[in-house]
Amino acid sequence: MPPTTPTEPALPTTGLAPSELRYLVLASQREGNRALNRQLSSYGLTASQFEILLVLDEYGPLTLKELGELIVCETSSPSRIIDTLVRRELVARGTDSQDRRALSLDLAPQGQSLIPELRLIDERIDGMARETLNDDDVRGLVAALRAYLAGTESGGVLDRRFRQRRRSLEE
């Protein structure tokens, strides 16, 4: 008989233990963050900093309040993350053109220069899920997660951020 090598058993596709759903979602999020953090390590960026830079690239300039309405990484105020990005000269603070009392946040030249590489990382991370899941699985997962997040703060943030960019899952 040929020797066997121990392998990880495949995860079951049916049945669900009590509390397993919550841990499946949590473990998936953590695995995604680990993959993202590996990609970001050479840039010295955290996943939260990465998200803020991409949002500022797409929607900036923004006030701190506006930024907070478009990010998932920080539920209260992203001030500390912004302070770090300003110190690293990746984000610039200025005066808001609509309200001189408010601060305006935008990418600094050094932050702008990182964006093409950060977009590639974003595409690679998204692609990893698409390599694992077929189109029907993606459609089902997206529908289930949107239903789960409907009416929540995070669901609202994601809708505001992605509503205009959504395209058919058939593409």
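This is a short guided tour of the model, with something to select at each stop.

**Before you start**

The model is predicted: local features need pLDDT of at least 70, side-chain atom pairs count only at pLDDT 80 or more, and totals for chains, interfaces and linings use all residues. Residues are numbered from 1 along each chain as its sequence is written, and side-chain values use heavy atoms, with hydrogens and water left out.

**The whole chain**

Show the cartoon. You will find 7 helices and 2 strands, in the order α-α-α-α-β-β-α-α-α from the N terminus. Helices here are DSSP runs of H or I with at least four residues, strands are runs of E with at least two, and both are numbered from the N terminus. Of the 171 residues, 25% are buried; buried means under 20% relative accessible area, exposed over 50%, and partly exposed in between, with a 1.4 Å probe and protein chains only. A contact is a pair of heavy atoms within 4.5 Å. Among contacts with a separation of 6 or more, 53% join residues 24 or more positions apart.

**Stop 1: S19 and E89**

Select S19, in the segment before α1 (20-40). Its phi is near 70°, a positive value in a residue other than glycine. S19 is partly exposed, at 45% relative accessibility.

Now jump to E89, in the loop between α4 (79-87) and β1 (91-95). E89 also has a positive phi, near 60°, and it counts as exposed because its relative accessible area is 52%. Most residues other than glycine have a negative phi, and most peptide bonds are trans.

**Stop 2: the loop between α2 and α3**

Next, select G60 and P61. A cis peptide bond joins them, with omega about -5°. P61 is in the loop between α2 and α3.

T63 is found in that loop too, between α2 (47-59) and α3 (64-68). Is T63 buried or exposed? At 13% relative accessibility, T63 is buried. Leaving aside neighbours within four places in sequence, show its contacts: D96, A102, L103 and L105.

**Stop 3: S104 in β2**

Select S104, which is in strand β2 (residues 103-107). With a relative accessible area of 11%, S104 is buried. Which residues does S104 touch, not counting those up to four places away in sequence? They are P61, L62, A92, R93, G94, T95 and D96. P61, from the cis peptide bond with G60, is thus on your screen again as one of the residues that S104 touches.

**Stop 4: around α1**

Select T46, in the loop between α1 and α2. T46 is partly exposed, with a relative accessible area of 39%. T46 touches N37 and L40, residues up to four places away in sequence being left out. A C-alpha to C-alpha distance from T46 to L36 should read 8.8 Å, for 10 residues apart in sequence.

Then add I125, from helix α5 (residues 109-132). I125 is buried, with a relative accessible area of 19%. Not counting residues up to four places away in sequence, I125 touches A35, L36 and Q39. N33 lies 92 residues from I125 along the chain, yet their C-alpha atoms are separated by 9.3 Å.

**Stop 5: helix α6 and its ends**

Select residues 135-149, which form helix α6. How far apart are its end C-alpha atoms? They are 21 Å apart, which agrees with the 21 Å expected for 15 residues; the expected span is 1.5 Å times one less than the number of residues.

At the N-terminal end, show the side chain of N134. N134 caps α6, with a side-chain oxygen 2.9 Å from the backbone nitrogen of D136. After α6 comes G151, whose phi is positive, near 80°.

**Stop 6: α2 against α7**

Finally, select α2 and helix α7 (residues 153-162). These helices pack at an angle of about 40°, with their axes 12 Å apart. Axes are lines fitted to C-alpha atoms, for helices over the stretch in contact, and angles run from 0 to 180 degrees between N-to-C directions. The packing is therefore oblique: under 35 degrees counts as roughly parallel, over 145 as roughly antiparallel, 65 to 115 as roughly perpendicular, and the rest as oblique.

To see the contact, show E51, V55 and Y59 of α2 with R160, R161 and F162 of α7.

Technical notes: Polar contact = N/O pair within 3.5 Å; in protein donor to acceptor, adjacent residues only side chain to side chain.
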